[in-house]
Amino acid sequence: MKDIENRADLEKLLWEFYSRLLNDPAINYIFTDVAKINLEEHMPSLTDFWEQSLLYKGSYRKNVMQVHLDLNGKERLTDEHFTIWLKHFNTTVDNLFNGATAERAKTRAESIATVMKIKLFAS
């Protein structure tokens, strides 16, 4: 297995990851019913975020925390939601990639989830 090396690898990772999320009834409603995300439209922004976070390039300029604060205002996100999200993310990374960037992706996801939980649960 190869490591995450470029935007195409991130797209592969994210499409598989979101496919898992959308097929999990414990969390899919957040994306389909609450956020009502159109994945085709949202994927470039998601890829921009992870490209900047992992490959240190790209042009992601949105406030990812504010996006989730707004979502939390519509549907209270729980520790269980974050646990499910991380489980699917880590499984997807492990199934598709192996290497330093793949490991950094999992570490970064854990860090992001931790910071979001602290900020969301304090509000």
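Helix α4 supplies the largest share of the lining of the largest pocket, namely 6 residues. The model described here is predicted. The pocket encloses about 680 Å³ of space, and 26 residues line it. Further topics are the nonpolar core, helix α3, and the residues His81, Lys106 and Arg20.

**The largest pocket**

- Among the 26 lining residues, those closest to the centre of the pocket are Tyr18, His42, Val67, His68 and Leu71.
- Two or more lining residues come from each of α2, α3, α4, α5 and α6.
- The lining of this pocket comprises 19 nonpolar, 4 polar and 3 charged residues.

**The nonpolar core**

- The largest nonpolar core contains 36 residues, and Tyr18, Trp50, Trp85 and Phe89 have the most contacts inside it.
- At least two residues of this core come from each of the helices α1, α2, α3, α4, α5 and α6.
- Tyr18 appears both among the core residues with the most contacts and among the residues closest to the centre of the largest pocket.
- Apart from residues up to four places away in sequence, Phe89 touches Leu13, Phe17, Trp50, Ala105, Lys106 and Ala109.

**Helix α3**

- Helix α3 spans residues 39-55 and is largely enclosed by the rest of the structure, because 12 of its 17 residues are buried.
- The buried residues of α3 include the aromatic pair Phe49 and Trp50, and Trp50 is also one of the core residues with the most contacts.
- Asp48 and Glu51 belong to the buried set of α3 as well, as do Ser45, Thr47 and Ser53.
- The cover over the buried residues of α3 includes α1 (7-22), α4 (64-74), α5 and α6 (100-122).
- At the start of α3, a side-chain oxygen of Asn38 comes to within 3.0 Å of the backbone nitrogen of Glu40.
- Just after α3, Tyr56 adopts a positive phi of about 60 degrees.

**His81 in helix α5**

- His81 is located in helix α5, which covers residues 79-96.
- His81 counts as buried because its relative accessible area is 9%, under the 20% limit.
- The side chain of His81 forms a polar contact of 3.0 Å with the side chain of Tyr29.
- A polar atom of the His81 side chain also lies 2.9 Å from the backbone nitrogen of Thr78.
- Beyond its neighbours within four places in sequence, His81 is in contact with Ala26, Ile27, Tyr29, Ile30 and Arg76; Tyr29 is therefore both a contact of His81 and its polar partner, while the residue itself is buried at 9%.

**Lys106 in helix α6**

- Lys106 belongs to helix α6.
- With a relative accessible area of 16%, Lys106 is buried.
- The side chains of Lys106 and Glu103 make a polar contact at 3.0 Å.
- Setting aside residues up to four places away in sequence, Lys106 touches Phe89, Asn90, Val93 and Asp94.

**Arg20 in helix α1**

- Arg20 is found in helix α1 and counts as partly exposed, with 23% relative accessibility.
- Arg20 and Thr92 are separated by 72 residues in sequence, yet their C-alpha atoms are 8.3 Å apart in space.
- Leaving aside neighbours within four places in sequence, the contacts of Arg20 are His88, Thr91, Thr92 and Asn95.

How values were computed
Residues are numbered from 1 along each chain as its sequence is written. This is a predicted model: local features need pLDDT of at least 70, side-chain atom pairs count only at pLDDT 80 or more; totals for chains, interfaces and linings use all residues. Side-chain values use heavy atoms; hydrogens and water are left out. Helices (H or I, at least four residues) and strands (E, at least two) are DSSP runs, numbered from the N terminus. Buried means under 20% relative accessible area, exposed over 50%, partly exposed in between (1.4 Å probe, protein chains only). A polar contact is a pair of N or O atoms within 3.5 Å; within protein, one must be able to donate a hydrogen and the other to accept it, and residues adjacent in sequence count only if both atoms are side-chain atoms. Contact means heavy atoms within 4.5 Å. A nonpolar core is a set of buried Ala, Val, Leu, Ile, Met, Phe, Trp, Tyr and Cys residues joined through side-chain atoms within 4.5 Å. On a 1 Å grid over the protein atoms alone, a cavity is a set of points where a 1.4 Å probe fits but cannot get out, and a pocket is an open set with protein on both sides within 12 Å along at least five of seven lines; lining residues have an atom within 4 Å of a point. Grid points are joined across faces, edges and corners, and a volume is the space filled by probe spheres set on the points. Ala, Val, Leu, Ile, Met, Phe, Trp, Tyr, Cys and Pro count as nonpolar, Asp, Glu, Lys and Arg as charged, and the others, Gly among them, as polar.
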